[in-house]
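Thanks, everyone. I have one model to show today, and I will keep to a few parts of it.

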Amino acid sequence: MTTVTVMHRQPALWRQCHRTAGIGICRLHTSSSSASSKEHYKVLVLGGGTGGIAMSARMKRKLGAENVAVVETSEMHYYQPIWTLVGAGVKSAASSGRPTASVIPPGVKWVKSNVREIDPDTNTVRTDNGMEISYQYLIVALGLQLHYEKIKGLPEIDDWEEFKIGSNYSVLTVEKTWRALQNFKEGNAIFSFPNTPVKCAGAPQKIMYLTDAYLRKTGKRATANVMYNTSLPVLFGIKKYADALWEIVKNRDIQVNLRHNLVEVRANKQEAVFENLDNPGETEVFEYEMLHVTPPMGPNPVIKGSSLADEGGWLDVNKETLQHNKYPNVFGIGDCTNLPTAKTAAAVAAQSSILDRTISKVLKNEMPDTKYDGYTSCPLVTSYSKVILAEFDYSGQPLETFPIDQSKERWTMYHMKADVMPHLYWHGLLKGFWGGPGPIRKIMHLGMK
């Protein structure tokens, strides 16, 4: 899930470089950082995030490494789901990242550049470093774009830590969430949810529950007002889990303000301005002692500016096969697509298995026969030891792996989130071996789900 973050102004915070010093990598794959040439690959993958790396691994096994290339500019690859726990002081930011060179499948060509233009009519991609790459099949995994700059006042803040602001959505700011939490004295701890599509829609409230738990543990909860200001009309999109979460917020005295969208931060006054989406033009100002920002998000501009996009700018794919609706040799996976399901790493895992099967059929000039049901998952961290494991499909109905009520908080699910899933990510999903819990679910439910 490659994420592009664009800021209109580039203060010191956003100019920091992210490299791992002192690590030597044996680059068994080939790479290209600059060129002015034409190249051709049977399969070209755009994006080196979760979906891109997983599909590169699968395509290498299917077609051979020499026939696959991946375009990705970032030197580091991050396991972003763990940032919830980084922001709460459980994990370190360093533990969430590995050099991109270590996750690209050996032998696969790594084009170290940004994608500048996609021309599906000529089967050509152009990159910022001057390369022109033609392809037989294209897999688009460019992720989405974070728009911190759309919140007035935020881009001008050079030192978020000074003004007690954090965000678990960027490696630049996730540790600032933890420092804001540690430095909390008394007042409002505010958590926002934007009025746009987002990736990992549960993350904005996960850090809220962890903040509540931390303040109780440190004896500060009595002087704190924990507040969730969300643009949504509901606490969570799936009723079964929303009902459980409402009980938690009531029992823990957490204030939930629905249909509130963050539009401005006045850092010098430690004020956050929210618009009331039910009353256009009406705003409300909240003082804060801690502010967690979930930025507005949108489609990748390269996709949005191409004929691959739907009206909203997202990659227009068939929701069952992940094949493009107009160009049959183009496929999509992950956050960049218009698939009507939650944008999560768990969704990417399930999609990778379906897309692998779809491409296998297309290579044989056959019709795809496996259908993606929209499976996605959100491990809702509700404390430092409990998780509600939400799993559901396109219809918004629970599609649970285990034969138990997953709407209940469980320490076993927390252990899976904190310890099992990172291992499965690095050694299963990115290697192209983990395609989601579908087979496990069938066994657990005796073939009935």
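I will go through confidence, the annotated domain, a hairpin, a small sheet and a helix contact.

Confidence comes ahead of the rest, since this is a predicted model. The protein chain has a mean pLDDT of 93, with 91% of its residues at 70 or more. The start of the chain is another matter: residues 1-28 stay under 50 in pLDDT. The model still has 72 contacts for that stretch, counting those beyond four places in sequence. Predicted coordinates should not be read in detail where pLDDT is low, and I will leave that stretch there.

Next, the annotation. An unreviewed UniProt entry gives "domain: FAD/NAD(P)-binding" for residues 41-154 and 239-346. What is the helix and strand content of residues 41-154? That segment is 20% helix and 35% strand, and its end C-alpha atoms lie 42 Å apart. For residues 239-346 the figures are 18% helix and 29% strand, with 20 Å between the end C-alpha atoms.

Now the hairpin. Strand E8, residues 115-119, runs antiparallel to strand E9, residues 124-127, and 4 bridges join them. One pair to look at is glutamate 117, whose bridge partner in E9 is arginine 126. Between the two strands of this hairpin there are 4 residues. In the turn, asparagine 123 has a positive phi, about 55°.

On to the sheet. Its 3 strands are in the order E16-E17-E18, with antiparallel pairing, and the sheet is open. Why do E16 and E18 each have one side without a neighbour in the sheet? Strand E16, 260-266, and strand E18, 283-287, are at the edges and each has a single partner strand, so one side of each is left free of a neighbour in the sheet. From one strand to the next, the twist averages 30°.

Within that sheet, E16 pairs with strand E17, residues 271-276, over 6 bridges in the antiparallel sense. Leucine 262 has phenylalanine 274 of E17 as its bridge partner.

Last, the helices. Where do H6 and H7 meet, and at what angle? Helix H6 spans residues 203-217 and helix H7 residues 239-251; their axes come within 12 Å and cross at roughly 35°. The crossing of H6 past H7 is left-handed. H6 contributes Gln205, Met208 and Tyr209 to the contact, and H7 contributes Leu245, Ile248 and Val249. By type, the residues of this contact are 5 nonpolar and 1 polar, with no charged ones.

That is what I have; questions are welcome.

Note on methods. Residues numbered from 1 in each chain as written. Predicted model: local features only at pLDDT ≥ 70, side-chain atom pairs only at ≥ 80, totals over all residues. Heavy atoms only, no water. Pairing = 2+ DSSP bridges. Axes fitted to C-alpha atoms, helices over the stretch in contact; angles between N-to-C directions. Left-handed = near helix turned anticlockwise from the far one by under 90°. Contact = heavy atoms within 4.5 Å. Nonpolar A, V, L, I, M, F, W, Y, C, P; charged D, E, K, R; others polar. UniProt positions renumbered as here; feature names shortened; annotations may be inferred. pLDDT = per-residue confidence, 0-100.
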